[in-house]
Amino acid sequence: MYFIYNILILGVGFVLKLVALFNKKINFFVEGRKETFPKLLESIQPEDSVIWMHCASLGEFEQGRPIIEKLKIKYPTYKLVLTFFSPSGYEVRKNYEIADVVCYLPIDSKKNAKKFLDVVHPKLAIFVKYEFWPSILSELKVRNIETLLVSGIFRKKQAFFKWYGGWMRKSLAAFSHFFVQDEGSEQLLRQIGFKNVTLSGDTRFDRVYEITQQNNELDFIAEFKNKQYTLVAGSTWKEDEELLVNYINHHASDEEKFIVAPHNINPKNIEELKNAISKKTVLFSEKSGKNLKDYQVFIIDTVGILTKVYSYAAIAYVGGGYTKSGIHNVLEPATFGVPIVIGPNYHKFNEAIGLVENKACFVVDNSQKLSVLLNEFYKEKQKREQAGSNAYNYVVSKTGATSKILNFIK
């Protein structure tokens with residue numbers, strides 16, 4: 001089976017090169033990997049001690065971030081290599097200053113796995129959440145390199161737990177220890193014979209809690225808000241925006257303010273959103289010279305500031321709940337003690353389930369329900385504050401995973 005896997009991987013690599021000619025994202029995926037080995041050979045010497053962390057994308061990076069940053073402090077003589085699978089992670093964090101090298105993980109062929117580990121020769125390898133590449137894991141096992149899975153999640157539908165998944169289960173033997181998010185994951189691993197498991201929780205809670213300790217001030221947001229009630233809608237998709245625009249245009253008070261940070265900031269999409277709103281609206285890209293407090297709606301057509309923007313919210317709407325992939329990050333507003341509203345597709349996300357169960361996050365599935373709920377939060381300060389308190393307390397109660405992992409490494 002492993003032989004067949006290697007043939008398939010090589011075939012996929014060839015197909016991706018063809019697709020890259022017509023697809024921008026795949027082109028990033030292919031062209032970016034051409035830089036992996038030159039970057040590594042330039043920065044990593046045979047005598048270096050190295051810690052390697054691998055993340056699928058940006059969300060997994062945020063989970064691994066508190067670990068890698070503390071490792072840098074505890075082991076300053078070690079070089080840190082950070083790899084990504086997806087362009088959406090690499091392109092945002094390719095200049096991450098904590099790591100000595102940031103690059104793509106090569107396609108998971110046997111040849112690439114050997115070459116990668118020859119160059120990087122890590123003392124410790126850390127995989128975040130659920131990246132399982134058989135060739136690289138097999139080579140880590142052969143070389144007896146300490147390998148951890150952190151913030152891991154396992155589900156019954158994965159091949160590891162099926163009758164045909166024996167060859168994939170062998171890959172898991174590469175892990176020296178599993179740090180998992182929930183009891184279900186722990187039980188699944190124990191059922192197939194893995195006892196080296198710790199229920200540590202999710203390191204993202206540590207990451208988002210740390211955010212509250214930094215400076216989150218944005219002068220232009222404070223000017224726009226002007227001490228008024230403000231709803232922040234983050235990572236919104238078109239389906240979310242249609243509901244929000246309906247509320248803003250037909251149900252919102254003139255005393256309410258709105259900040260919308262779309263997931264897609266393509267100029268055409270931003271222009272369509274702005275034109276759909278009947279209230280006075282300003283874009284981030286055109287804020288210069290404007291008297292921002294005179295506007296009711298602020299559209300954030302840039303990236304990288306949403307977390308700080310959430311700190312100004314009286315209530316947050318987190319987008320993605322009407323898409324197949326599901327909601328975006330609900331922990332960022334929660335850590336600031338902000339009540340959250342989401343769409344119906346959230347059941348794959350443990351943190352969202354927990355926030356819903358703790359009456360900190362509220363689910364709506366149509367325009368009418370959203371309007372009724374937002375109107376209630378605007379008028380009922382006590383309800384708003386209680387939900388916000390529930391959100392903050394939930395985040396604090398889930399911190400500590402990073403310490404458990406670092407204590408194990410020590």
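Good morning. A helix or a strand, in this talk, is a run assigned by DSSP, numbered from the N terminus, with at least four residues for a helix and at least two for a strand. With that in place, T335 can be located: this residue is in the loop between helix α15 (331–334) and strand β13 (340–342). Please keep in mind throughout that the model is predicted.

Let me stay with T335 for a moment. Is T335 buried or exposed? Its relative accessibility is 2%, and because buried means under 20%, T335 counts as buried. Leaving aside residues up to four places away in sequence, T335 touches V208, Y209, T212, Y392 and V395.

One of these contacts, V208, leads to a cavity. The structure holds 2 cavities of 30 Å³ or more. V208 helps to line the second largest cavity, together with E62, R204, R207, I211, N329 and E332. Which helix gives the most to this lining? It is helix α10, residues 204–211, with 4 residues. By character, the lining of the second largest cavity divides into 4 charged, 2 nonpolar and 1 polar. The space inside the second largest cavity is about 40 Å³.

I turn now to the largest cavity, whose volume is about 40 Å³. Its lining consists of L105, P106, I107, D108, S109, N112, A113, F116 and I136. Helix α6, residues 110–120, gives the most here, with 3 residues. The lining of the largest cavity divides into 6 nonpolar residues, 2 polar and 1 charged.

I136, from that lining, also belongs to helix α7, which covers residues 134–142. In α7, I136 is buried, as are P134, S135, L137, E139 and L140. As general background, an α-helix has 3.6 residues a turn, so residues three or four places apart point the same way.

Next, the sheet. In what order do its strands stand? The sheet is open and has 7 strands, paired in parallel, in the order β3-β2-β1-β4-β5-β6-β7. Strands β3 (101–104) and β7 (197–199) are at the edges, each with a single partner strand, so one side of each has no neighbour in the sheet. On average, neighbouring strands of this sheet are turned by 20° against each other, direction ignored.

Within the sheet, consider one pair. Strand β1, residues 50–55, runs parallel to strand β4, residues 124–128, and 4 bridges join the two. For I51, the bridge partner in β4 is L124. A helix also meets the sheet: α3, residues 36–43, lies across β2 (79–84) and β3, and runs at about 160° to β3.

My last topic is backbone geometry. Most residues other than glycine have a negative phi. Three residues here deserve a look for that reason. After helix α7 comes N144, with a positive phi near 55°. S235, in strand β8 (residues 230–236), is not a glycine, yet its phi is positive, near 55°. K359, likewise not a glycine, has a positive phi of about 55°, and its place is in the loop between α16 (350–357) and β14 (361–363).

Are S235 and K359 buried or exposed? S235 has 16% relative accessibility and therefore counts as buried, whereas K359, at 60%, counts as exposed.

Thank you for your attention.

Note on methods: Residues are numbered from 1 along each chain as its sequence is written. This is a predicted model: local features need pLDDT of at least 70, side-chain atom pairs count only at pLDDT 80 or more; totals for chains, interfaces and linings use all residues. Side-chain values use heavy atoms; hydrogens and water are left out. Buried means under 20% relative accessible area, exposed over 50%, partly exposed in between (1.4 Å probe, protein chains only). Two strands pair if DSSP finds at least two bridges between them. Axes are lines fitted to C-alpha atoms, for helices over the stretch in contact, and angles run from 0 to 180 degrees between N-to-C directions. Contact means heavy atoms within 4.5 Å. On a 1 Å grid over the protein atoms alone, a cavity is a set of points where a 1.4 Å probe fits but cannot get out, and a pocket is an open set with protein on both sides within 12 Å along at least five of seven lines; lining residues have an atom within 4 Å of a point. Grid points are joined across faces, edges and corners, and a volume is the space filled by probe spheres set on the points. Ala, Val, Leu, Ile, Met, Phe, Trp, Tyr, Cys and Pro count as nonpolar, Asp, Glu, Lys and Arg as charged, and the others, Gly among them, as polar.
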